[in-house]
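This report looks at charged pairs, nonpolar cores and model confidence, in that order. Please keep the sequence and the structure at hand while reading.

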Amino acid sequence: MSNAELAPKCLHRFDELVDYKYLRAAVACYEAFITHIPNDDPKKPFHLFSFGAALTHRFTRFSDSADIDRSVVLCENAAGLISDAAPHKPQSLLHLSHSLTQRFKHLGHLSDIDRAIAVCEFAVQLTADSHFDKPQLLSSLGNALSCRFGHVGDLADIDKGVHACEVALQLTPDGHPRKPQFLSNLGNALTSRLEHFGDQADINRAITVCEAAVQFTSDGHFNKPHLLFHLGRCLFNRFARLGNVMDMKGSITACNDAVRLSPDDHPNKAHFLSTLGNVLTCRFKQFGSIADVDQAVQMCQEAVRLTPDNHPDKPHFLNHVGNALTQRFGLHGYLDDRNRAIIVYGTAVQLAADDHPEKPQFLSGLGYALSYYWLRPEPSQSQPPLTDLAWPQDARSQSYPILGRGGVLLGLGRANRSEYVPDLANIDRAIIACEVAIQLTPDEHPRKPQFLSNLGNALTCRFKYSGDLADSDRAITAYNVALQLTPDDHPKKPHFLFNLANVFINLDDHSTLDQPILLLSAAARLSTGPPSARFEACSLWAWCARRLQHSSLLDAYTFAIALLPQLAWLGLPMQDRHRELVRAQNVINDAVATAIEFREYSIAIEWFEQGRSIVWSQVLQLRGSANALREVVPCLADRLLQVSDELAQETAEEVDSIDASQRRYGLAFEWEELLLEARKIPGFGDFCLPMKASQLMSSALCRPVIALNISNIRCDAIVLGHGRDDILHIPLSEFSFQDAQSWLQYFSRALSSLGRGVRRISVFSTNDVEKVLALLWTHVVNPVLDILDFKHTLTHHELSRVWWCPTGPLSLLPIHAAGLYDATTSPGHKLSDFVVSSYTPTLSALVKSRDQFSSKEFKLTIIAQPQTLPGTLEEYQIIKNRANSLTLLPLLGSAATKESVMNCMKMSTWVHFAGHSVQDLECPMESRLLLDDGGCLTLSDITMMSLPQAELAYLSSSCTAQGTEALSEEAIHAAAGMLVAGYRGVIATLWSPEDKACVEIADTVYAHLFKNKQPDYTQAAYALHFAAQRLREEGAPFLRWAPFVHFGV
């Protein structure tokens, strides 16, 4: 077979399989004979444009500009050899148009796209509507017109492009192999028009045609990544306008599939990566997952790396990098992210021509970045290598330094102004950039409101330091125009309302606070936009209302509390949920304090409960019983439990891949839909909703549960039970949040030498700790005992049982040990003289523990580490001796593997762990109980277990009941984890105990628990109380007995 015969066959084979060995063979064959074909050979035009098509294919894969230049020449020669009346003329013109379009996409020369459109229009004119090539010619024309519109912005181009694509589809039957591509081209054209003019009908239709294109194309088809990319782009644009998170999820799925199906050297890989990264950035803004913004930065940077500087899409990719870096800087405050963001935005501005349609976006992004960087002079900070940027012609005459010296990000109105000095030159430059962006953008452009908001931000920054009312007036005008151009259901609406409210607040005029209250309350009531933005609006609304003594104060907190489940959304990994809750803690405690001020004690206790251990409550909610629902709608109950199990597994694994996050998000969305469906059933309106005050009252029964709310507003005790049908309020008027903070700092310093994670061989003694215990007694515990009239029990020798549920710094202090321990002090000045204390992470945890009943035969698993802690072997022997004929499952030393421990825990009702543990302050869910084989049992492992028959866990290790100060309300420690796993009661430690004390405490505890034939876990709190009392009576110092605490029933 000759080269002339083989070349087209190889090219056809390449078109079918997209296997580049066939393309290489085709090019080699054409190279061998193309120059030898005489001009009068009737097949020469066919060979020329076929060879040109092969070179264009190779160019799109390997980006060798010599290939595309040669392709254009070959196609031009082919078209020149064919008369206008010849049947192959339109096809030759199509190949020429395609080559010119590809060269334009690579080099950005408008003359190429102009010629491509003119050539394609001529081909369309030469072709009858009935010709089988007419749809392809029209669709290619529409694609070229859309391409030029994307770089020039001429409305006539995009309208003509959409029309050409529509006619192409009308002429194409459903079974046509090119129908998916024609559908995608129409969707792409509609999306381009939408991005500039915001017609909702365009985006809905674009999604419909792109979905059809994807559906009709197999995964193995070479064009599938392009079709998925266009679908993802359409879905993202609809999310950006309507805020439907399912559109965002669909966009990520489509773009991720496009990336997955395209090899690394795919010519459009950069487009796929950059778009996926940008959508992940937006999902981060919506939900706050750190993995999303990290992956976004990585993908967008990779897209930039794959793209040469002279590529017309390079500024677009750089802009996406800037978006991701800016968001990550707002999260972590890394100066490197800040500096790099300014650099990439500036480079995008430089590379984009003044008439580039996206130039306003690049300028506004740069202005946004600069306006938020109020800089403190720090000579040690490295400076980005920026000197001058390319600005539009009307702004180039003004010279401004691009970046001052190093600094840190400050929040709106929240920073200490005395600590930071702004780089006003940067803010001036930001204002210039935002103003030019607005001048270049028509009002109907969908991004105009964001550009106006960015200008308002920059003006507000300058006003806060210059005090020039002209800046505040201009900022108010910019925000107002942005709001007028933005519909209520737009996801950016809460941001714009918040920003406008912030301007009025910064006026520092008491008489103007009514206006921000109206704006912030409107933002809080919206159903679209990131929950974090609406929560911040609630917080600032409450601040304004309190300052003004406004009647809406309680309403502000009502909306804030209602947003907590969305702020710590189930679709997020636990670590991200915990991070989101850090900023909510003070707001929650202030809300409870405000409800108490209004004497709304039922609301106060409900808010107290909804703000405590939110993540643990979500875990328990996923395990909630659906038995009642199954009796009514069994299929719904079964699906709910299945989704719950899968979601619990996904959220605990903390996997950061896009596929894993998509599964987790999808399950969370389905979970919410199933709950809504269940609540529509008569009798299930409150299914899986937070408990009401009347239900929480049952947690106390006859014995008091004391909730301690610590707030900057006020400090109070709220008591449930104690023989009362109502809620008892006890003000702690001599105690403040600042007191609790200083006590915790003092206490932590006193214990700092004890270390974390190890049982100590020798005792460490300090009298300083006792000062904190005295303060707790005087200002917190004693006032509660006085009102509850517990002190009569000292003479009757009857000890009452109480549960403490503290908040804030108090949750990290040993309330159970409060008292006066001076040697001269008479009895009756310590909490333990009157009550047996237990703790509970939430009020509902007590309700659920008391509702559980175990029917399993008693078995006790004992894990000990005699090789590293000799005392643990003695501990085991003591328990064994006390147990008599009770069933024990000992796991000593290396026998205690992770698998064996978890298996024995499933078979047992009680577990005793004697050994080392580690508290991970950076990642609390990775705090762990260490095993002798080198393995460990993490807090995540524990909470993933479901042990409905479990009764008592005894954690004779260090810091197993100690949370972290940053997340004091969340009770992230092993003791709470055991309650989540199903144990009704837990004995644990607040700090590292002495090894000898562990043995002595265990001896007394088990002697008490095993004194009857059937062990009773409900006596564990009394047993621990007596054990600590025994050590005190023997003269043991505080640090020897006080670490041990009891949780649960």
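## A salt bridge within helix α16

In this predicted model, the side chains of R340 and D337 come together in a salt bridge, with 3.6 Å between N and O. Both residues belong to helix α16 (residues 335–351), where a spacing of three residues sets them about one helical turn apart. The two partners differ in their surroundings, because R340 has a relative accessible area of 24% and is partly exposed, whereas D337, with a relative accessible area of 2%, is buried.

The pair does not stand alone: through salt bridges that share partners, D294, R328, D336, D337 and R340 are joined into one network.

## Other charged pairs

The count of salt bridges comes to 46. One of them links R260 with D257, whose closest N and O atoms are 3.1 Å apart; these residues both lie in helix α12 (residues 245–261), three residues apart, or about one turn of the helix.

Another salt bridge is formed by the side chains of R58 and D67, at 2.9 Å from N to O. Here R58 is partly exposed, its relative accessible area being 24%, while D67 counts as buried at 7% relative accessibility. As a general point, side chains of opposite charge can pair when their charged atoms come close.

## Nonpolar cores

The largest nonpolar core contains 286 residues, and within it L629, W804, V986 and F1038 touch the most other members. Helix α35 (residues 768–788) supplies the largest share of this core, 10 residues, and at least three residues come from each of domain 1 (695–755 + 777–845) and domain 2 (854–1016).

Around L629, leaving aside residues up to four places away in sequence, the residues touched are P634, L636, A637, L640, A678, I681, F684 and F687. Apart from the largest core lies another, made up of 43 residues, among them L11, L23, I34 and L141.

## Confidence across the model

The protein has a mean pLDDT of 86, with 91% of its residues reaching 70 or more. Among its elements, helix α24 (residues 553–562) has the highest mean pLDDT, 97, and helix α36 (residues 793–796) the lowest, 54.

Over residues 375–420 the pLDDT is below 50, although the model gives this stretch 116 contacts beyond near neighbours in sequence. Residues 760–765 also stay under 50, and for them the model has 18 contacts beyond four places in sequence. Where pLDDT is low, the predicted coordinates should not be read in detail.

Definitions and conventions. Residues numbered from 1 in each chain as written. Predicted model: local features only at pLDDT ≥ 70, side-chain atom pairs only at ≥ 80, totals over all residues. Heavy atoms only, no water. pLDDT = per-residue confidence, 0-100. Helix = DSSP H or I, 4+ residues; strand = E, 2+ residues; numbered from the N terminus. Contact = heavy atoms within 4.5 Å. Core = buried A, V, L, I, M, F, W, Y, C linked by side-chain atoms within 4.5 Å. Buried < 20%, exposed > 50% of the residue type's maximum accessible area, 1.4 Å probe, protein only. Domains from an automatic or database assignment. Salt bridge = Lys/Arg side-chain N within 4 Å of Asp/Glu carboxyl O.
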